[in-house]
Number of protein chains: 2
Amino acid sequence: MNQELTKDLFRQIKELIDQKNASELEAILHELHPADIAEVLDDLDFKQAIYVIKLLDSEVTADILKELDEDTRERVLQNLSSKEIAEEIDELDTDDAVDILYELSESKKAEVIAHIEDVEHAKDIVELMRFDPDTAGGLMGKELVKVNENWTNMTCVREMRKQAAEFDRVHTIYVVDDHDVLKGRLSLKSLLTTSTKTPVKEVYNPKIHSVHINDSDEEIAQIMQKYDLFVVPVVDEIGRLVGQITIDDVVDIIKDEAEKDYQMAAGLTDDVEANDNIWELTRARLPWLVLGLIGGMGAASIMGGFEDAFETHPELFLFTPMIAAMGGNVGVQSSAIIVQSLANGNLKGNVWTRLFKEISMALISSLVVSGLIYGFTHFIQGQPNQVSFVVAFSLTVVIIVAALIGTFVPLLLDKRGIDPALATGPFITTSNDIFGIFIYFYIAKIILGF
Amino acid sequence: MNQELTKDLFRQIKELIDQKNASELEAILHELHPADIAEVLDDLDFKQAIYVIKLLDSEVTADILKELDEDTRERVLQNLSSKEIAEEIDELDTDDAVDILYELSESKKAEVIAHIEDVEHAKDIVELMRFDPDTAGGLMGKELVKVNENWTNMTCVREMRKQAAEFDRVHTIYVVDDHDVLKGRLSLKSLLTTSTKTPVKEVYNPKIHSVHINDSDEEIAQIMQKYDLFVVPVVDEIGRLVGQITIDDVVDIIKDEAEKDYQMAAGLTDDVEANDNIWELTRARLPWLVLGLIGGMGAASIMGGFEDAFETHPELFLFTPMIAAMGGNVGVQSSAIIVQSLANGNLKGNVWTRLFKEISMALISSLVVSGLIYGFTHFIQGQPNQVSFVVAFSLTVVIIVAALIGTFVPLLLDKRGIDPALATGPFITTSNDIFGIFIYFYIAKIILGF
């Protein structure tokens with residue numbers, strides 16, 4: 001089994017690098033999985049990382065390169081010659097090779113491709129680079145095992161021996177016709193259990209899910225999840241088998257999708273991480289802060305319009321942050337539920353049932369919350385008064401309005417083909433702040449008559 | 001290939017169910033994938049769904065059952081007898097069978113198990129039910145193909161024929177010793193390319209990642225993602241191969257994890273969906289709303305302590321929603337970045353670099369934002385004044401404090417073994433509301449001297 005990457009081992013590796021103890025280092029790294037070595041390199045100084053990369057075989061470093069953090073990989077690639085990168089590319093599966101090539105400048109890309117030794121590999125890579133990276137064509141690899149429907153079982157085994165020798169793992173044996181059109185798959189079961197003379201045609205399974213070369217990564221992720229697929233074949237416009245997509249690439253897409261919704265809700269415009277630099281972090285955060293600021297100014301202007309209240313009922317102003325916050329919280333909750341249900345494709349029922357549901361739920365919540373606040377304002381103010389009633393009543397209205405905005409704005413965006421997640425977080429919070437303040441003072445004005 | 005589930009087909013199926021046209025319905029459903037049939041059933045009236053289930057073979061319905069929405073499945077299961085459920089269970093892989101049994105009452109569970117015909121299958125299921133559902137033991141299935149290291153290649157093929165005949169798909173061929181201890185894996189490549197008399201011992205690949213039977217689902221998800229595994233073998237305390245976990249189960253865990261963080265940030269205490277009933281939705285939302293309310297009352301009390309300001313500088317109160325909102329937004333952004341980096345395991349650098357980074361970033365953001373607000377208050381108030389300065393300056397301080405709280409509270413929780421996502425959303429927003437208001441009025445009091 002692979003050696004596990006413990007903290008002690010981590011420290012030992014670092015020491016060996018400092019001592020430039022190449023032989024011992026090689027012995028240790030040889031036992032580690034490339035993903036573990038990548039984890040070590042991500043944590044090293046850049047020069048040390050280069051030292052390790054140059055020490056190891058391109059067979060191993062190619063797999064390490066694939067697993068590195070984008071930032072580390074970028075710097076490592078900048079320090080390798082085109083010929084060295086081409087050697088790494090030669091070792092990688094076509095889909096991973098293309099991913100790395102995408103990160104190079106146009107001129108370097110051309111140089112690297114010119115240095116690839118295996119011409120067939122280079123052809124495949126060039127073909128894959130034509131596709132949009134977010135489509136099946138951009139995601140797929142060319143490495144797969146296929147057999148002709150007219151072969152016998154024996155021919156299959158012989159041909160597969162040749163094909164399989166090139167690939168690390170065989171997930172599915174595809175069956176194609178003479179024109180390379182995908183017909184189905186041959187299970188290991190049939191391969192093992194049928195007689196050697198049986199033609200493939202008689203034993204293959206024609207039920208197979210495939211995706212079209214232009215399908216988007218999100219569609220592919222949905223299909224693979226729905227049908228629990230580990231690999232899915234990609235076919236072109238005339239049904240020919242042109243590649244396959246494996247679940248590990250799709251897991252990243254599923255994760256990125258879920259994380260993107262979270263980021264939008266948290267008011268981040270980019271996929272930033274704690275390790276990014278100050279400039280990247282600030283750029284991702286500032287747009288929403290400015291939006292919040294505009295909302296705040298809007299709320300201030302609205303309150304300015306009710307300035308008579310300062311004289312007659314100054315205590316009204318004590319509750320503005322609460323009104324704004326509750327509106328924001330309810331709105332974010334409603335929109336999060338909708339966005340997630342939309343993302344999972346399990347939103348049912350029509351607009352009216354949804355409307356009824358949101359209003360009922362908002363009513364129950366607001367009754368509890370308004371009851372509490374009525375009790376509280378009563379308590380601190382000593383006796384029943386109209387302000388307590390204004391706060392409690394407007395809170396009820398604000399919660400209902402916020403729930404409706406939070407529910408129907410994302411639904412509306414989704415209908416128009418806009419990402420509903422846009423309507424979560426700061427966006428909903430900010431608009432609910434303004435609406436909330438306005439509703440609150442408007443109700444106060446009517447009831448208290450200032 | 002499988003028939004695709006189009007909208008027309010959907011409608012046609014519904015019509016056939018209404019007409020109780022069993023023969024045509026069967027013909028159509030026969031061409032569909034169970035996941036597609038489940039999608040149709042999820043959208044049907046409950047009685048219609050039962051009609052379809054009773055119409056089809058248990059071989060198909062078992063797979064449909066697995067794919068149904070939890071709510072629909074619960075109702076379907078309630079309408080099937082223990083014997084009927086046992087027939088479904090007989091057709092399912094052990095891990096899926098256990099998932100369904102978990103949803104039954106204790107008494108019904110026992111009845112169903114007593115009705116399972118295949119004794120070996122029942123034994124495996126009973127064994128799996130002993131494990132915590134969130135551990136490797138609870139996730140794994142018993143279905144796998146294994147060969148003994150002492151067998152020759154030919155014996156392997158013969159034995160595998162027997163084993164593989166039982167299973168739909170073979171992902172990995174495991175190699176074990178005489179005590180069933182996991183030794184490695186046999187690639188299809190070696191199986192196809194070595195001579196029939198070669199012992200497995202000489203050709204198997206000893207590099208294999210495995211998980212321990214007590215490992216948590218999150219650990220398993222991390223390992224499978226890190227090493228790009230499609231299946232991972234599960235070993236017990238003495239290294240024996242006891243089951244395997246497939247990536248499709250783990251994809252759900254990865255998705256649930258990402259969604260859980262999102263839900264916490266949005267102030268939902270449960271994994272609710274838009275289709276859940278009003279009571280479930282309200283219960284998931286109310287705790288955070290009450291927290292927000294308490295925060296709002298806290299803010300009101302703090303402002304009450306600065307009531308002199310009503311007389312001297314009432315315009316200060318116009319900006320409280322903005323101060324509170326900005327504190328909340330910055331805090332949520334900071335905590336989201338940390339929570340996500342922690343979840344992805346790529347948080348680097350020590351506390352001091354992080355502190356420096358957050359303060360720099362907050363400073364840049366607050367300079368931009370304060371500049372804007374200073375200009376704005378200036379503009380609406382006609383001339384430079386101290387209140388504009390108070391607002392701009394406190395905004396700077398509030399942003400820095402909020403960024404630090406948002407960053408270090410989740411880090412602290414994580415260190416103490418508490419889910420850092422707890423510190424996102426309403427929790428951070430609420431505490432930042434209170435801190436923000438206090439800082440604002442405190443600074444105002446010092447500068448304006450009321």
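**Exercise 1. What area is buried between chain A and chain B, and what share of it do carbon and sulfur atoms give?**

Before solving, note that this is a predicted model, in which local features need pLDDT of at least 70 and side-chain atom pairs count only at pLDDT 80 or more, whereas totals for chains, interfaces and linings use all residues. Residues are numbered from 1 along each chain as its sequence is written, chains are lettered from A and ligands numbered from 1 in the order in which they are written, and side-chain values use heavy atoms, with hydrogens and water left out.

Solution. Begin with the quantity itself: buried area is the accessible area (1.4 Å probe) that two parts lose on being put together, summed over both. For chain A and chain B this comes to about 11,300 Å², and carbon and sulfur atoms give 62% of that area. Then turn to the residues: with contact taken as heavy atoms within 4.5 Å, 122 residues of chain A touch 118 residues of chain B.

**Exercise 2. Work out which turn and shift lay chain A on chain B.**

Solution. The copies are superposed by least squares on the C-alpha atoms of residues with pLDDT of at least 70 in both. A turn of 180° with a shift of 0.0 Å along the axis lays chain A on chain B with an RMSD of 0.2 Å. The two copies are therefore related as by a two-fold rotation axis. The same surface serves both copies, since 97% of the contact residues of chain A recur in chain B.

**Exercise 3. Find the salt bridges across the interface and place one of them in its helices.**

Solution. Apply the rule that a side-chain nitrogen of Lys or Arg lies within 4 Å of a carboxyl oxygen of Asp or Glu. Over all chains the search finds 33 salt bridges, and six are found across the interface of chain A and chain B. Among them, A:R285 and B:E358 meet at 3.9 Å, N to O. In another, the closest N and O atoms of B:K226 and A:D36 are 2.5 Å apart. Because B:K226 lies in helix α15 (residues 217-226) of chain B and A:D36 in helix α3 (residues 34-42) of chain A, this pair joins two chains. Helices here are DSSP runs (H or I, at least four residues), as are strands (E, at least two), numbered from the N terminus.

**Exercise 4. Describe the strand order of the open sheet in chain A.**

Solution. Two strands pair if DSSP finds at least two bridges between them. The three strands of this open sheet follow the order β1-β2-β3, with mixed pairing. Since β1 (145-148) and β3 (182-186) of chain A each have a single partner strand, they stand at the edges, and one side of each is left without a neighbour in the sheet. Strand β2 (residues 173-176) of chain A runs antiparallel to β3(A), to which four bridges join it; A:I173 has A:L186 as its bridge partner in β3(A).
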